[in-house]
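Thanks for coming. I will show one structure and then talk through how a pair of its elements fits together.

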Amino acid sequence: MTPPEAPVQGPLGRGTETPPAVSFCGTLPVILTKRADFLRAAQARRQGTPGFLLQARKRGDDEVGGPHRVGFTCSKKVGNAVTRNRAKRRLREIARAVLPAHGRAGWDYVLVGRPGATATRDFAALMEDLRRALGQIHGSGR
């Protein structure tokens, strides 16, 4: 007696005929990781909103151009580790949703969480805050 033929399985135990289901919305922005980039952004333009602070700077000719870059930071004033991580997740998501349409190539953006606001503010209001802040940053004639 021969056993029934087992289906061919690919990685993670899934069949090879269908790719794994991946939910992905938007494009991943280039992330700021170096402290010097954060410090340069802190000395440039800034726009406060009820949900967070936006710092933005146009990269110079001597720096690599390309797409916009974005960084996120939340100090311990925002709350404990759980609250800070929640605030940063929300900031990452609004950046992923808004910056491709409203951000400019060659700019660095840093979103700084606000205590008691970033983690609890309505998500739609946070997205509108970012749109408004980008309009203020880029609308000014500096």
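At roughly what angle do the axes of helix α2 and helix α3 cross? Before I answer, please keep in mind that this is a predicted model.

Let me start with the whole chain. The protein chain has 3 helices and 5 strands. Read from the N terminus, the order is β-α-β-β-β-α-β-α. The chain has 142 residues, and 34% of them count as buried. About 9100 Å² of the protein chain is exposed, with 54% of that area coming from carbon and sulfur atoms. Now take the contacts between residues at least 6 apart in sequence: 75% of these join residues at least 24 apart.

Back to the question. Two packed helices are described by the angle between their axes and by the distance between those axes. Helix α2 covers residues 81–102 and helix α3 covers residues 123–139; their axes cross at roughly 45 degrees and come within 10 Å. Angles under 35 degrees would count as roughly parallel, and 65 to 115 as roughly perpendicular. α2 and α3 are therefore oblique to each other. The crossing of α2 past α3 is right-handed.

Which residues of α2 and α3 make the contact? On the α2 side they are Arg-90, Glu-93, Ile-94, Ala-95, Ala-97, Val-98, Leu-99 and His-102. On the α3 side they are Phe-123, Leu-126, Met-127, Leu-130, Arg-131, Leu-134 and His-138. Sorted by type, the residues of this contact come to 10 nonpolar, 2 polar and 3 charged.

That is what I have for today.

Methods: Residues are numbered from 1 along each chain as its sequence is written. This is a predicted model: local features need pLDDT of at least 70, side-chain atom pairs count only at pLDDT 80 or more; totals for chains, interfaces and linings use all residues. Side-chain values use heavy atoms; hydrogens and water are left out. Helices (H or I, at least four residues) and strands (E, at least two) are DSSP runs, numbered from the N terminus. Buried means under 20% relative accessible area, exposed over 50%, partly exposed in between (1.4 Å probe, protein chains only). Contact means heavy atoms within 4.5 Å. Accessible areas come from the Shrake-Rupley method with a 1.4 Å probe; for residues, only the protein chains shown count as cover. Axes are lines fitted to C-alpha atoms, for helices over the stretch in contact, and angles run from 0 to 180 degrees between N-to-C directions. Angles under 35 degrees count as roughly parallel, over 145 as roughly antiparallel, 65 to 115 as roughly perpendicular and the rest as oblique. A crossing is left-handed if the near helix is turned anticlockwise from the far one by less than a right angle, and right-handed if clockwise. Ala, Val, Leu, Ile, Met, Phe, Trp, Tyr, Cys and Pro count as nonpolar, Asp, Glu, Lys and Arg as charged, and the others, Gly among them, as polar.
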